[in-house]
Amino acid sequence: MPELPEVENVAQGLRRRALGRRIVSVEIRHTAVIAGSSEEFVSTLEGRKLSNVSRTGKAIAVELTSDNGLPPHFLLVRLGMTGQLTVTPHDAPIEPHTHVFMLLDDGREELRFRDARRFGRLRSLTLAELEKVMGALGPDAQKVTEAHFLAAMKCRKGAIKSWLMNQNLVAGLGNIYADEALFEARIHPLSQPGRVSNDKALLLYKAVRKVLDRAVALGGTTFSDYMDIEGRPGAFLNKLKVYQHTGEPCRRCKHAIRRIVVGGRSSHFCPHCQPKPRVTAKMRGPRGD
Ligand SMILES: [Zn+2]
């Protein structure tokens, strides 16, 4: 599932390949990936220019301006689990599960949205609607300040793994990078955020930034579906140290990496480098992946 580094690469790709271009027509083949009215989606996008691209957490907002003085609209893109947004030649073969086509100004290229599992969403919003959606998210995990991060951990009792993945507290981390950051900071995934020492909390803050920055630079992680705007996979997969490395030796201490389920999600960690604290959050949730 795309997390901050993958989504950031798509946002960078949009800036590189689509900024300043106009959407001349929109074709929707599967309305399930459009949030709200499809007719309204088409009518608010057609004729508008992509004038700015921003990202908070896993959400991309593209500002769409018109020439006739109307207020801007925003295209909100969420890739969900298997969403792909690419700039493709108009006459390129159409891959299965391609649901939306946005033809760009010269008619030779188009933005295509492809999503096998259809958890991704495209949405057209006014500025007020966009602010409401973005306002529900915590600060972006690549930009959150040390003071905010440390304060948000205070008094929290759930598992730190779930805390890291709560988009309302810090936005952008999912299963992969939460596991990797906890390994970097040597913190057990069931530790309670409020009981982590200040020193360790600071290590975690730095680990989050380090892991995300490195993953962004390498184009993110591709297991099967994620690709950037040009259709290329990310190169961070072989840099992962614990995620989906169950049973393999830890790179630091050679103990076997373990997998447990925390908050319904698989968590991978080294039992030696990330010892279990005396007091932990309760394990719950039946689902693992
Ligand atoms: Zn270890």
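Where is the place of arginine 252? Select that residue to begin the tour, bearing in mind that the structure on screen is a predicted model. Arginine 252 belongs to the loop between α7 and β9, the latter being the strand of residues 258-262. With 12 other C-beta atoms within 10 Å, a residue counts as exposed when that number is 12 or fewer, and arginine 252 is therefore exposed. If you add tyrosine 226 to the selection and draw the distance between the two C-alpha atoms, you will find 29 Å in space for a pair that is 26 residues apart in sequence.

**A residue in helix α1**

Next, select proline 5, which is found in helix α1. This proline has 28 other C-beta atoms within 10 Å, and because 20 or more are enough for a residue to be called buried, proline 5 is buried. Leaving aside the neighbours within four places in sequence, the residues in contact with proline 5 are Leu212, Ala215, Val216, Gly220 and Phe236. Tyrosine 177 lies 172 residues away from proline 5 along the chain, yet the C-alpha atoms of the two are separated by 9.1 Å.

**Helices α6 and α7**

Tyrosine 177 leads on to α6, so now select residues 175-185 for that helix and residues 198-217 for helix α7. The two helices pack with their axes 8 Å apart and at an angle of about 130°, which makes α6 oblique to α7. The crossing in which α6 passes α7 is right-handed. On the α6 side the contact is made by Tyr177, Glu180, Ala181, Glu184 and Ala185, while α7 contributes Lys200, Leu203, Leu204, Ala207, Val208, Lys210, Val211, Leu212 and Ala215. If you colour this contact by residue class, ten nonpolar and four charged residues appear, and no polar ones.

Stay with α6 and consider how it is covered: ten of its eleven residues are buried. Those buried residues are Asn175, Ile176, Tyr177, Ala178, Asp179, Glu180, Ala181, Leu182, Phe183 and Ala185. To see what covers them, show α1 (4-17), α5 (160-165), α7 and β10 (265-269), which are among the covering elements. Arginine 186 follows α6, and its phi is positive, near 60°.

**The sheet β2-β3-β4-β8**

Move now to an open sheet of four strands, in which the order is β2-β3-β4-β8 and the pairing is antiparallel. Its edge strands are β2, at residues 49-56, and β8, at residues 121-125, each of which pairs on one side only. From one strand to the next, the twist averages 20°. Between β2 and β3, the latter at residues 59-65, the antiparallel pairing extends over seven bridges, and one residue pair to pick out is lysine 49 with its bridge partner in β3, threonine 65.

Helix α2, at residues 38-45, packs on this sheet, where it touches β3, β4 (73-78) and β8, and its direction makes about 65° with that of β8. Then bring in helix α3, at residues 127-135, which lies across β2, β3, β4 and β8 and runs at about 30° to β4. Before leaving, zoom in on the hairpin formed by β2 and β3, which has two residues between the strands; glycine 57, in the turn, has a positive phi of about 55°.

**The sheet β1-β6-β7-β5**

The last stop is an open sheet of four strands in the order β1-β6-β7-β5, with antiparallel pairing. Strands β1 (23-28) and β5 (83-89) stand at the edges with a single partner strand each, so one side of each is left without a neighbour in the sheet. Here the twist averages 20° from one strand to the next. Select β5 together with β7, at residues 109-115, to follow their antiparallel pairing over seven bridges; within it, threonine 86 stands opposite arginine 112 of β7.

To finish, show α2 once more, because it packs on this sheet by touching β1 and β6 (98-104), and its direction makes about 165° with that of β1.

How values were computed
Residues numbered from 1 in each chain as written. Predicted model: local features only at pLDDT ≥ 70, side-chain atom pairs only at ≥ 80, totals over all residues. Pairing = 2+ DSSP bridges. Axes fitted to C-alpha atoms, helices over the stretch in contact; angles between N-to-C directions. Contact = placed C-beta atoms within 7 Å. Parallel < 35°, antiparallel > 145°, perpendicular 65-115°, else oblique. Left-handed = near helix turned anticlockwise from the far one by under 90°. Nonpolar A, V, L, I, M, F, W, Y, C, P; charged D, E, K, R; others polar.
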